[in-house]
Amino acid sequence: MGAISPLSAQEQVEVSDAELNKIASAFQGIQEVNRAAQQKVMETVEENGFETDRFNELYQASASADKTVDISDEEKERFGKLMSEIQQLQVGFTEQIEEVISNEGMSLERYQVIAMALQSDTELQGRLKTILTQVQQ
């Protein structure tokens, strides 16, 4: 083992191999949901008569106080309607992701604790990467 690192502000989270296997499996299911979600959002954008680039431009402007964009009242109305449709879709996708996690026999809370730990724990990241590599072969 390497040198002992000073304790980080975040407590080390103990994660068993069995839990990490569940995370890896859930991760793959979540990627599928995300891919389907992106596809559905783009279809919804197009169904509402927006080009993807124009939608992205309007979306970025709506999310940033610094960005302004010229928009007609009619386009603003369509954009507002589209955003509420997308928010409804996102609720459904969130439910699907929660279902993927619970189907792995893991609580959403535990999944989130491990997901947070994965952001800063390189050893845990390495273990997960190994499992994901084995699963994909």
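1. Two rings of Phe, Tyr or Trp are taken as a pair when their centres lie within 6.5 Å. The structure is a predicted model, and in it F50, F55, Y59 and F79 form one aromatic cluster. The pair count under this rule is three.

2. One of these pairs is F50 with F79. Their ring centres are 6.4 Å apart and the planes meet at 80°, so the pair is edge-to-face, planes over 60 degrees apart being classed that way. The pair joins distant parts of the chain: F50 sits in the loop between α1 and α2, F79 sits in helix α3, and 29 residues separate them. F50 is buried, at 3% relative accessible area, and F79 is buried too, at 10%.

3. A second entry in the cluster is the pair F55 and Y59, which is stacked, with 5.9 Å between centres and 25° between planes. Both residues belong to helix α2 and are four residues apart, about one turn of the helix. Their accessibility classes should be noted separately: F55 is buried at 5%, while Y59 is partly exposed at 40%.

4. F55, Y59 and F79 also take part in the packing of α2 on α3. In that contact R54, F55, L58, Y59 and S62 of α2 meet E75, F79, L82, M83 and I86 of α3. By class, the contact has seven nonpolar residues, one polar and two charged. The two helix axes are 12 Å apart at an angle of about 85°, which makes α2 roughly perpendicular to α3.

5. Helix α3 (residues 73-103) also packs against helix α1 (residues 17-47); the axes come within 10 Å and cross at roughly 165°. At that angle α1 is roughly antiparallel to α3, and the crossing is right-handed. From α1 the contact uses A26, G29, I30, V33, N34, A37, K40, V41, T44 and V45. From α3 it uses L82, E85, I86, L89, F93, Q96, I97, V100 and I101. The class totals are 13 nonpolar, four polar and two charged residues. L82 and I86 of α3 are listed in this contact and in the contact with α2.

6. A further point concerns T52, which is found in helix α2 (residues 52-63). Leaving aside residues up to four places away in sequence, T52 touches M42 and E46. The C-alpha atoms of T52 and M42 are 7.2 Å apart, with the two residues ten apart in sequence. Is T52 buried or partly exposed? T52 has 26% relative accessibility, so T52 counts as partly exposed.

Note on methods: Residues numbered from 1 in each chain as written. Predicted model: local features only at pLDDT ≥ 70, side-chain atom pairs only at ≥ 80, totals over all residues. Heavy atoms only, no water. Axes fitted to C-alpha atoms, helices over the stretch in contact; angles between N-to-C directions. Parallel < 35°, antiparallel > 145°, perpendicular 65-115°, else oblique. Left-handed = near helix turned anticlockwise from the far one by under 90°. Contact = heavy atoms within 4.5 Å. Nonpolar A, V, L, I, M, F, W, Y, C, P; charged D, E, K, R; others polar. Buried < 20%, exposed > 50% of the residue type's maximum accessible area, 1.4 Å probe, protein only. Phe/Tyr/Trp six-rings, centres within 6.5 Å; stacked < 30°, edge-to-face > 60°.
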